[in-house]
Amino acid sequence: MAELGSKGVTAGKIASNVQKKLTRAQEKVLQKLGKADETKDEQFEQCVQNFNKQLTEGTRLQKDLRTYLASVKAMHEASKKLNECLQEVYEPDWPGRDEASKIAENNDLLWMDFHQKLVDQALLTMDTYLGQFPDIKSRIAKRGRKLVDYDSARHHYESLQTAKKKDEAKIAKAEEELVKAQKVFEEMNVDLQEELPSLWNSRVGFYVNTFQSIAGLEENFHKEMSKLNQNLNDVLVSLEKQHGSNTFTVKAQPSDGTPAKGNKSPSPPPDGSPAATPEMRVNHEPEPAGMAAPGATLPKSPSQSSLPAVVVETFSATVNGAVEGSSGAGRLDLPPGFMFKVQAQHDYTATDTDELQLKAGDVVLVIPFQNPEEQDEGWLMGVKESDWNQHKELEKCRGVFPENFTERVP
């Protein structure tokens, strides 16, 4: 077992925390069996249900927005390749070549601008909105633990008062513990009672602003893209008028590695007609008018990146989820903020929804508390290594656990 001194936690404090956990577990068992009354707050429970619903809706919106952004990126790439193809087949002596090249360049820039504004005005705002939920969720769970502590202290005090043989010293101490537990619970309860309804009401304005931003960006993008497509159509109509009635001489080109003049005979055509002659005359087929260039992805730079560095970093972090830990080793196979590993030396049965259920031998990746003030002495925050390797979802897998049930490993 790791040295207690290195953790700054005394043996007495660890024993106190373990006893507190056992007391909570016993209290919950008695409440479930109907042998102890449980403090209920239906209004608060409704607020918690609204909170969970809001979190679920926000998480889905974030996921769908990332999928939308990935589609915009794919369309940009397709548009770029289509325009590159047009420039390759557009012969140097054809009229409008420079105009077509400029249209392709503006098309590329328009897609890039559209994508970047979606990231800035929608995705980053979405991430900020969801960023407030983990802290509140942790505080809701802690409120639940403090409520159990309060009920336990209340029941203990009542049992001492109704005992046949009263011990005034014990009663006084129990009353002191009850007042202390009640104060801690009520402080957390009051704050959440104010924050949860406010957070619930904020969702309407957030949804309105998010979808208004997306709709406005799409509207402007399609207006500008329509102008570019009309310009390209005009260039192609001009080409058709100038060359539509002409005939062109098409000369056979030697294949790679084959001399221009030699004895090698061309392969017969698939339909069995006579082999092509070195020169033939064909009628010009008009170019299709109104050739539009929809698409999706950003222009390739020398580094093959389709966005400026800042947008690439933002997009890769938010869309692909490849965010390195802020204080860990910077490895993508570890959770953000990873500090060290511990291994469970004993089984631990979770007594709250935000606690980890441990079996002896389980390896846990330790991460910092999002709000250091929420950390109880003798408790760590982490995610079981097996859960992390399987799901890579920190929000669903992390939880608190007693440090003295584990031992630090390399």
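**Exercise 1. State how many helices and strands the protein has, and how much of the protein is buried.**

Solution. The protein holds nine helices and seven strands, where helices (H or I, at least four residues) and strands (E, at least two) are DSSP runs numbered from the N terminus. The model is a predicted one, in which local features need pLDDT of at least 70 and side-chain atom pairs count only at pLDDT 80 or more, while totals for chains, interfaces and linings use all residues. Residues are numbered from 1 along each chain as its sequence is written, and side-chain values use heavy atoms, with hydrogens and water left out. The next step is burial: of the 410 residues of the protein, 36% count as buried, a word that stands for under 20% relative accessible area, with exposed meaning over 50% and partly exposed in between (1.4 Å probe, protein chains only). Turning to the surface, the protein exposes about 24,600 Å², of which carbon and sulfur atoms supply 52%; accessible areas come from the Shrake-Rupley method with a 1.4 Å probe, and for residues only the protein chains shown count as cover. The last step concerns contacts, meaning heavy atoms within 4.5 Å: among those in the protein between residues at least 6 apart in sequence, 75% join residues at least 24 apart.

**Exercise 2. Locate Lys384, decide whether it is buried or exposed, and list its contacts beyond its sequence neighbours.**

Solution. Begin with the element, which is strand β5 (residues 379-384), where Lys384 lies. The relative accessible area of Lys384 is 17%, so this lysine is buried. Once neighbours within four places in sequence are left aside, Lys384 is in contact with Leu356, Gln357, Leu358, Asp362, Val363 and Val364.

**Exercise 3. Describe the salt bridges that Glu219, Glu224 and Glu395 make.**

Solution. Side chains of opposite charge can pair when their charged atoms come close. A salt bridge is here a side-chain nitrogen of Lys or Arg within 4 Å of a carboxyl oxygen of Asp or Glu, and a search of the whole structure finds 20 salt bridges.

- Glu219 is joined by a salt bridge to Lys223 (3.6 Å, N to O). The two are four residues apart in helix α6, so about one helical turn separates Lys223 from Glu219. Both ends are partly exposed, Lys223 at 47% relative accessibility and Glu219 at 45%.
- Glu224 pairs with Lys227 in a salt bridge, again given as 3.6 Å, N to O. Glu224 and Lys227 both belong to helix α6 and sit three residues apart, about one turn of the helix, and Glu224 is partly exposed at 36% relative accessibility.
- Glu395 forms a salt bridge with Arg398 (3.1 Å, N to O). Glu395 is partly exposed, with a relative accessible area of 32%, whereas Arg398 counts as buried at 19%.

A further step goes beyond pairs: Asp135, Arg139 and Glu195 are linked in a network of salt bridges.

**Exercise 4. Find where Lys146, Val148 and Ser213 lie, and give the separation of each from a residue distant in sequence.**

Solution. Lys146 has its place in helix α5 (residues 133-161), and at 11% relative accessibility Lys146 counts as buried. Lys146 and Met188 are 42 residues apart in sequence, and their C-alpha atoms are 8.6 Å apart in space. Val148 is also found in helix α5 and counts as buried, at 8% relative accessibility; its C-alpha atom is separated by 8.5 Å from that of Thr39, 109 residues away along the chain. Ser213 belongs to helix α6 and is partly exposed at 23% relative accessibility. Between the C-alpha atoms of Ser213 and Gln121 the separation is 6.7 Å, although these residues are 92 residues apart along the chain.

**Exercise 5. Place Lys392 in the chain and say what is notable about its phi angle.**

Solution. Lys392 is in the loop between α8 (385-391) and α9 (394-397), and counts as partly exposed at 41% relative accessibility. Most residues other than glycine have a negative phi. The phi of Lys392 is near 55°, a positive value in a residue other than glycine.
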